[in-house]
Structure formats: structure tokens, C-alpha cells
Amino acid sequence: MTNFWDELESYLHFLRILGVNALPKTKNIKRFLELDLTPPPKSLDDIYVEIKDCKRCKLSRMRNNIVLGDGPENARLMFVGEAPGRDEDLEGKPFVGRAGKLLDQMLAAIDIKRSEVYITNVVKCRPPGNRNPEPDEIEACLPYLTKQIKLIRPAIICTLGLIAAQTVLATQSPLAELRGKIHEVDGIKVVVTYHPAFLLRFPVNKRKAFEDLKLLKKLYDELGN
Ligand code: URA
Ligand code: SF4
């Protein structure tokens, strides 16, 4: 028998997507993917048009540029980071600063070209001082990530860092429990690894990150591109 509370929760989240507010908050992409019945955008340009002047959360007041994402619309692999940093906010592109350079090296290590993957973040505007994005900001921004995922329909998502992992997988579990496994969300395989900025600070974890990348590479090769 379907659990009544699950049903009720689903219904309340469905109402939220229709724009009815004052309902329980979610920062959970899984629910969005499952319950957002609106048609997928036709192109990334459609999403650009929608996000262009976005003021859905307080991060809009401090940004220089919105960083929607970068990469081809037909990418089979999508990386999801946390939020733009200073360089990204100035350039309007994801992962162009120091963490981005390490991400480039991580991709090179598994022989995947940056130009063939789509790269984005959970929130699209820079949090002041690079603080973590707050739950209300994540929630406000999630419809954009949902639309990106629905449009691109990657076969694999690789999350970078705890916030991306917890948001995409709808979990509160620690990263140590989430990495090293293949998860699935709405038919998309999800691999979890450390955030490159975290690896810059704690390089001792690079070895484990490489294990994650090898798992990612294996899945990617299995797609037979
Ligand atoms: N860190 C992120 O999470 N995303 C970026 O785009 C840059 C740094
Ligand atoms: Fe809009 Fe997302 Fe920027 Fe907030 S972070 S203003 S929701 S684009």
C-alpha cells in the first residue's frame, strides 16, 4: 500500500512546482525531476532567457554575472559543482579559477575532454565570500538545474563536493558514504566525488578522488561514445 505521507508529500511538492508557495521546503532534485511535469526546455537558450534577470533569491543582489553552465547540449556527462566563485562570477563561466584548473587536470587524468562534458553548479550566482549556498538559495535555484538535466539528459552526472551530492541525491548522508558507488536518479547514473577546491586544501584525498574518477571513466566508456 502506498504510504499516505509519501503521497501527501508528493502532492505538496507538485503544488510548489506549479507556483503554490507556503508549503514545506525542498532542496531535493530527485523530487523535482520526478514531479516537474512541465515540458523540458527546447534549448539552453530558453533557459538563458528565463534566468537572465533572475531575482529568485538574495544572491541576485551581489552577483556580477549569472553562471548557468558551459558545454554542449548533447553532452553524455554532466558535472555539478556547488556555486560560482570569484573568477566564475567575473567571467560568467563555471570552473575557470583555481578549482577549475584542478578539474581540468582531473578530466585529463581520465582522458575526457572538457569540451565534451557539460559543467554547471547547484546555484548559479556567487555566494558572498564563497560561503556555502543556503538552503533557501539552493531551493530557489533548483528549477534551473532541473531544466538543464531535463534538456541535456546526460547518461551520467558526477557531483563535486557534499552540497552537490546531497542536492542531487536528496540525502543528508556524508560524502564518505556516498562516494565509491553508482547511484541513480531518474534513470541517470550518479557518481559522487570530492570538490576540487576541497582537494586543493586537503590533497591527501586526491587518491580517493582518483578512484572515483576511474569509476566515472568506466561508466563513461561503457556508453560507447
Ligand atoms: N567552485 C564551484 O563549485 N563551482 C565553480 O564554478 C567554481 C568553483
Ligand atoms: Fe536566481 Fe539562482 Fe541566482 Fe538565486 S542563485 S538569483 S535563484 S539564478
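1. Let's start with a yardstick: the expected span of a helix is 1.5 Å times one less than its number of residues. Please keep in mind that this is a predicted model. Helix α5 covers residues 98-109, and its twelve residues should span 16 Å by that rule; the C-alpha atoms at its ends lie 17 Å apart, which agrees.

2. Which residues of α5 are buried? They are Ala99, Gly100, Leu102, Leu103, Met106 and Leu107. These residues take up an arc of only 160° around the axis, so they fall on the same side of α5. The face turned away from that buried side carries the exposed residues Arg98, Gln105 and Ala108.

3. What do the buried residues of α5 pack against? Among the strands, their partners are β1 (77-81), β2 (118-121), β3 (156-160) and β5 (188-193). The helices α9 (196-201) and α10 (206-222) are also on the list. If you follow the chain just past α5, you come to aspartate 111, which has a positive phi of about 60°.

4. Now for the ligand site. Ligand 2 sits in the largest cavity. The residues surrounding ligand 2 include the cysteines Cys54, Cys57, Cys125 and Cys141. Arg56, Arg63 and Lys124 are also part of this surrounding set, as are Ile51, Ser60, Ala140 and Tyr144. Helix α6 (residues 135-152) gives the largest share of the shell, with three residues.

5. Glutamate 88 may be worth a look on your screen. This residue belongs to helix α4, which runs over residues 86-91. Is glutamate 88 buried or exposed? The cut-off for buried is under 20% relative accessible area, and glutamate 88 counts as buried because its relative accessibility is 9%. Leaving aside residues up to four places away in sequence, glutamate 88 touches Val67, Lys93, Pro94, Phe95, Val96 and Gly97.

6. Glutamate 88 also brings us back to the ligand shell. Its C-alpha atom is 9.1 Å from that of cysteine 125, with the two positions 37 residues apart in sequence numbering. Cysteine 125 is one of the residues that surround ligand 2.

7. Last comes arginine 76, in the loop between α3 (44-51) and β1. With a relative accessibility of 32%, arginine 76 counts as partly exposed. Arginine 76 and tyrosine 220 are 144 residues apart in sequence, yet their C-alpha atoms are 8.1 Å apart in space. As for the elements named here, β1 (77-81) and α10 (206-222) both pack against the buried residues of α5.

Technical notes
Residues numbered from 1 in each chain as written. Chains lettered and ligands numbered in written order. Predicted model: local features only at pLDDT ≥ 70, side-chain atom pairs only at ≥ 80, totals over all residues. Heavy atoms only, no water. Helix = DSSP H or I, 4+ residues; strand = E, 2+ residues; numbered from the N terminus. Buried < 20%, exposed > 50% of the residue type's maximum accessible area, 1.4 Å probe, protein only. Arc of directions from axis to C-beta. Contact = heavy atoms within 4.5 Å. Near = heavy atom within 4 Å. 1 Å grid on protein atoms, 1.4 Å probe; cavity = no way out; pocket = protein on both sides within 12 Å on 5 of 7 lines; lining within 4 Å. Sits in = over half its atoms within 2 Å of the grid points.
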